[in-house]
Every structure is written in C-alpha cells, then in structure tokens.
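Open the model in your viewer and keep the selection panel at hand. The stops below go from one selection to the next.

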Amino acid sequence: MTRILLLGGTSEASALARALAERGDDAIFSYAGRTGTPVAQPLPTRVGGFGGVAGLVEYLRAEAITHVVDATHPFAAGMSANAVAACDRAEVALAALERPEWRAGKGDDWTRVRDIVGAVAALPDSGARVFLAIGKQHVDAFTAKPGNFYLLRLVDPPETPLPFPDCAIEIARGPFDVASDEALMEAHGITHIVAKNSGGTGAEAKLTAARALALPVVMIDRPATPARRVLNSVGAVLDWLGHGADRGV
C-alpha cells in the first residue's frame, strides 16, 4: 500500500494535494508552520517541524510512509537535506517537485549573488529604496545598511517591529499581478529589488514590473541541495507515485 507524505508550502504542493485528493490517495500534507494562516488543504494536515533527521525517520516509520514528495520552497534547503537523509535511512522513496528557476531576459537588469550576504553587499550603502521581496527570515542582515528605505511584503504581520529606521510593510498573499506590483513600486519610489530565485508564477510579477520600470534586481541564487530525484510537474509526480517508484535518485 502506498502512503504519501507531502512536504508543502508552495502553490505546486497545493496543486499536488488537490490531485492526490481527487485520486483518493492515502496522503498527509505537512506545513513547516512558518505562516500563521496557511492555505487549507484537501488532505489530512500536520503543522510544525519533525525534530531533525532523527525525528523525521521516526515519523516516517510510525506513519508507515512509503513515499515522500518534497514540494517545499526552493530555499527551504534544511528541510530538503533532512528529507534526503531521513528517506535514505528509513528506506522510503523520495522525489522533489521543483519548479524551474527564473532566468533573466531581454530588458532585465539583474545582479546575481550567491546568498543573503552577497545581496546586502550589492546594494548601495544609503539612499536606495529597496523592495525586499525575500520574506521575513533574513531581514536582519540588511540592518548593515540602515541608510536605505526597505519595503517588505509579508503574508502575516510581523510579531515585532522591523529593525529598520525607515521601512514599510505590505501584508498580502500571492499570486500577484504585474499592474499591482508596478503600482506598489511606484507608490514607494522603489529603486532596487532584492529577490530569491524561487521560480514559478505566483511571485514572478515583480520581475516583469521591474523590467517595465527599468529597475535593477539583486537575484539570490538557490542554495545547494543533496542529490535526489527531481520532477518538474504534478503530472510527473503522479506518474512516479503510480508506478511504485524505486528508492533513490
């Protein structure tokens, strides 16, 4: 019997959850718990971490999981690495549902950097008005350049004040559209954008808006993940699950 653990948090994970529910598959949806108001899913849902690799191994065995689909955010590298290690240890089949990276096109002005530190270094020391489109986890790094204005777009209001002398918050959940993103950037006089190369369509509008407004983008590359089977569509995952996939890459 196939029993699936779907590690979610992306629009692709939600699409897969709907497909699994429609097929009547035995599956559990897992949220990391970083969002206070996660999107409701048509599958039994758990929220929170597993307690590292050992905790995930214990969970896989206790729940008799046969297949894990990692459809977490491309920057959730810790969870992805834990999933690879735990599935190997528990002898559970693993595949990642991974959306392709964004690529710069004609009219784009991108500076690609390896990490958050590189993104901070790529910004002016002062006087810039930055759309910090990276979520809330790593904003503290940008306090190294307090002379800039920072606009953050978050799903949930922050529990504590932002650590910047000059900033603004937009509370919104994607997907976003180009016209609204252009209007947002113009309203705040944005001069620079910092983004993670998440891929997908839900947050791509800001890049199209940046191109239209001739704004430079600091693009943070995805972190490295261990070798694993990577699938690029819901259909490919369903095919993999339907054929009793073997374990490994």
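Begin with Glu91, which is exposed at a relative accessible area of 60%; the model is a predicted one. Glu91 belongs to the loop between helix H3 (77-90) and strand S5 (93-97). Check its backbone: phi is positive, about 55°, although Glu91 is not a glycine.

Next select Ala64, in the loop between helix H2 (52-62) and strand S4 (67-70). Ala64 is another non-glycine residue with a positive phi, of about 55°. Its relative accessible area is 48%, so Ala64 counts as partly exposed, the exposed class being over 50%.

Now select helix H1, residues 11-23. Its 13 residues should span 18 Å at 1.5 Å a residue, and the C-alpha atoms at its ends are 19 Å apart, which agrees. Colour the buried residues of H1: Glu12, Ala13, Ser14, Leu16, Ala17, Ala19 and Leu20. To see what covers these buried residues, show strand S1 (4-7), strand S2 (27-31), S4, S5 and helix H7 (234-242), which are included in the cover. Just after H1 comes Gly24, with a positive phi of about 75°.

Move to strand S8, residues 147-154. Of its 8 residues, 7 are buried, so S8 is largely enclosed by the rest of the structure. Which strands pair with S8? One is strand S7 (residues 126-133), paired with S8 in the parallel sense over 5 bridges. To find this pairing in the viewer, select Leu132 together with Leu152, its bridge partner in S8. Strand S9 (residues 167-171) also pairs with S8 in the parallel sense, over 5 bridges. Here the residues to select are Leu151 and, opposite it in S9, Ala168. While the strands are on screen, recall that side chains in a regular strand alternate between the two faces of the sheet.

Follow the chain from S9 into the loop that leads to helix H5 (178-187), and select Pro175 there. The peptide bond from Gly174 to Pro175 is cis, with omega near 10°.

Go back to the loop between S7 and S8 and pick Ala144. Is Ala144 buried or exposed? Its relative accessibility is 58%, so Ala144 counts as exposed. Draw a distance from its C-alpha atom to that of Val68: the two are separated by 39 Å, and they lie 76 residues apart along the chain.

For the cysteines, select Cys87 and Cys167. Cys87 is buried, with a relative accessible area of 2%. Cys167, at 30% relative accessibility, counts as partly exposed. How many disulfides does the structure hold? The number is 0.

The last stop is Phe75, in the loop between S4 and H3. What does Phe75 touch, not counting residues up to four places away in sequence? Its contacts are Lys196, Asn197, Ser198, Ile220, Asp221, Arg222 and Pro223. Show these residues together with Phe75 to view the contacts. Then add Asp26: its C-alpha atom is 27 Å from that of Phe75, with 49 residues of separation in sequence.

Notes: Residues are numbered from 1 along each chain as its sequence is written. This is a predicted model: local features need pLDDT of at least 70, side-chain atom pairs count only at pLDDT 80 or more; totals for chains, interfaces and linings use all residues. Side-chain values use heavy atoms; hydrogens and water are left out. Buried means under 20% relative accessible area, exposed over 50%, partly exposed in between (1.4 Å probe, protein chains only). Helices (H or I, at least four residues) and strands (E, at least two) are DSSP runs, numbered from the N terminus. Two strands pair if DSSP finds at least two bridges between them. The expected span of a helix is 1.5 Å times one less than its number of residues. Contact means heavy atoms within 4.5 Å. A disulfide is a pair of cysteine sulfur atoms within 2.5 Å.
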